[in-house]
Amino acid sequence: MVRATEVPLADVLPVTAGVTEGGHLTLGGCDAVELAGEFGTPLYVFDEETLRGQCRAFQEAFQSRYHNSVVAYAAKAYLGRALGGIIVQEGMSLDVVSGGELAVAASVNFPAERMYFHGNNKSEQELREALDYGVGRIVVDNFHELHLLNGIAQGRGMRQKVLLRLSPGIDPHTHVKTTTGTLENKFGIPLPTGQAEAALRQALEMPGLELVGLHVHLGSPVFELEPYSEAVDTVLEFASKMRKQHGFEMAEFSPGGGFAVAYTPEQSAPEPAVYAETITSTLRGSLWRYELAAPQLIVEPGRAIVARAAVALYTVGSSKEVPGVKTFVSVDGGMGDNVRPALYESRYSALVANRVNDERRETLTIAGKYCESGDVLLPDAELPPLDAGDILAMPAAGAYAVAMASNYNLSLRPAVVLVKDGQAKLMRRRETYDDVMRADVWPLE
Ligand SMILES: *Cc1c(COP(=O)(O)O)cnc(C)c1O
């Protein structure tokens with residue numbers, strides 16, 4: 001086996017990636033072609049070393065610069081019970097955005113006080129479930145939720161700790177569908193309009209709520225650093241005004257997540273340390289300028305924890321060459337297991353897992369198998385000529401792929417395995433036709 005640095009696309013593959021003498025891709029010491037044979041395709045292979053490495057990199061980057069830092073993994077990027085267990089072991093906190101994510105976290109006894117519940121339209125049922133479990137913080141998104149949660153908490157004779165999610169009016173220059181910090185956006189209480197101040201005043205007076213801090217999340221992926229500095233300073237300036245006018249003490253502050261990763265070798269994303277340096281140095285400067293006490297800092301990486309840890313494996317099937325136009329090669333997955341290219345024009349890169357070292361001399365359009373023309377995984381991949389039966393590997397597939405998977409065309413959602421030291425463990429089995437019909441009622445009663 002050769003070292004990872006000699007593997008094509010090494011920068012976007014898991015850190016354990018290698019190549020066998022026979023030219024097969026290896027991940028966590030496992031031959032990717034054998035994994036495809038054993039578990040079938042499409043298959044998502046998560047490398048435990050890369051996963052834990054990212055958890056540690058983020059914690060070390062922030063805690064070494066700002067001692068009172070918390071790193072909360074944003075579960076919506078991908079959550080299963082084995083992954084939840086790893087996040088607990090790594091000592092991280094967890095963001096959830098639904099009753100479903102809460103239920104999965106609860107099933108592995110995720111410590112409730114280390115959990116944050118986000119979302120712009122949490123139902124009364126979901127809020128009750130969060131309070132039943134004892135979720136540490138509810139991140140309140142809007143006025144409706146303020147009143148709803150206050151009522152529920154009062155009914156139980158308790159005070160729930162909350163953060164207020166603000167919409168600061170900052171553009172992170174990412175895809176419009178993944179931008180959240182601007183005023184034209186559904187998330188958070190607008191700051192520049194005065195609504196944030198009104199919400200804060202109301203929250204301070206609500207007997208069922210204890211307002212402990214402020215939260216912003218700009219969007220994702222945010223490749224630039226400037227939006228974070230701007231967001232930190234904007235929120236701290238607001239906190240200082242609210243302290244003077246309403247006696248509000250900001251004990252906790254979150255600039256959210258959205259940290260970028262490279263999906264292709266041409267992209268380059270800032271290291272966790274670079275984001276940490278930007279955020280913590282701006283925070284220190286603004287604390288000094290506005291004469292504020294240092295709050296707990298909470299950052300919420302989702303994508304950056306899991307994206308690079310996983311490689312998606314597909315089997316090549318049919319091809320279609322349109323002379324002078326393009327050559328389509330179809331694989332056995334697509335928008336059902338990874339909707340990001342269709343939804344956000346997201347770019348990926350690919351390699352052939354069974355012929356890693358073959359010369360990349362063709363430009364191919366890698367299509368999925370779903371009945372949509374937009375179901376194209378890679379519009380122009382540089383690859384060797386492909387044959388039916390080849391195993392195509394798509395790196396950086398760990399975030400927002402399986403998490404957004406659907407049963408469109410009544411297809412089966414893929415299996416997910418965890419690899420480490422030459423061993424592969426099934427984290428999620430491939431669905432069966434019975435799974436697809438499980439919730440379907442027939443005959444009708
Ligand atoms: C989605 C989300 C995150 C994580 O975003 P990533 O791009 O995956 O890091 C963090 N915080 C909040 C509030 C979110 O909604």
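**Reading loops and a ligand site**

Reader: Why does Asp421 count as exposed?

Author: Asp421 has 66% relative accessibility, so it counts as exposed. The cut-offs are under 20% relative accessible area for buried, over 50% for exposed and partly exposed in between, with a 1.4 Å probe and protein chains only. Bear in mind that this is a predicted model, where local features need pLDDT of at least 70, side-chain atom pairs need pLDDT 80 or more, and totals for chains, interfaces and linings use all residues. Residues are numbered from 1 along each chain as its sequence is written, and side-chain values use heavy atoms, leaving out hydrogens and water.

Reader: Where is Asp421 along the chain, and what is its phi?

Author: Asp421 is in the loop between strand 20 and strand 21 (423-428). Helices (H or I, at least four residues) and strands (E, at least two) are DSSP runs, numbered from the N terminus. As for phi, most residues other than glycine have a negative one. Asp421 has a positive phi, near 50 degrees.

Reader: And Ala396: buried or exposed?

Author: Ala396 counts as buried because its relative accessibility is 0%. Ala396 has a positive phi too, near 60 degrees, and belongs to the loop between strand 19 (391-394) and strand 20 (415-420).

Reader: What about Lys186, which sits in a loop?

Author: That loop runs between strand 9 (160-167) and strand 10 (189-190). Lys186 counts as exposed because its relative accessibility is 57%. From the C-alpha of Lys186 to that of Val352 is 41 Å, with the two residues 166 apart along the chain.

Reader: Which peptide bonds are cis?

Author: Most peptide bonds are trans. The bond from Thr41 to Pro42 is cis, with omega near -5 degrees, and Pro42 lies in the loop between helix 1 (32-39) and strand 4 (43-47). The bond from Ser220 to Pro221 is also cis, with omega near -10 degrees. Pro221 is in the loop between strand 11 (209-215) and helix 8 (226-246).

Reader: Which residues come nearest the ligand?

Author: A residue is near the ligand if one of its heavy atoms lies within 4 Å of it. Of the 16 residues around the ligand, the nearest are Lys76, Ser220, Glu300, Arg303 and Tyr400.

Reader: How are Lys76, Ser220 and Arg303 placed against the ligand?

Author: A ligand oxygen is 2.7 Å from a side-chain N or O atom of Lys76. For Ser220, a side-chain N or O atom is 2.3 Å from an oxygen of the ligand. Arg303 has a polar backbone atom 2.7 Å from a ligand oxygen.

Terms used:
Polar contact = N/O pair within 3.5 Å; in protein donor to acceptor, adjacent residues only side chain to side chain.
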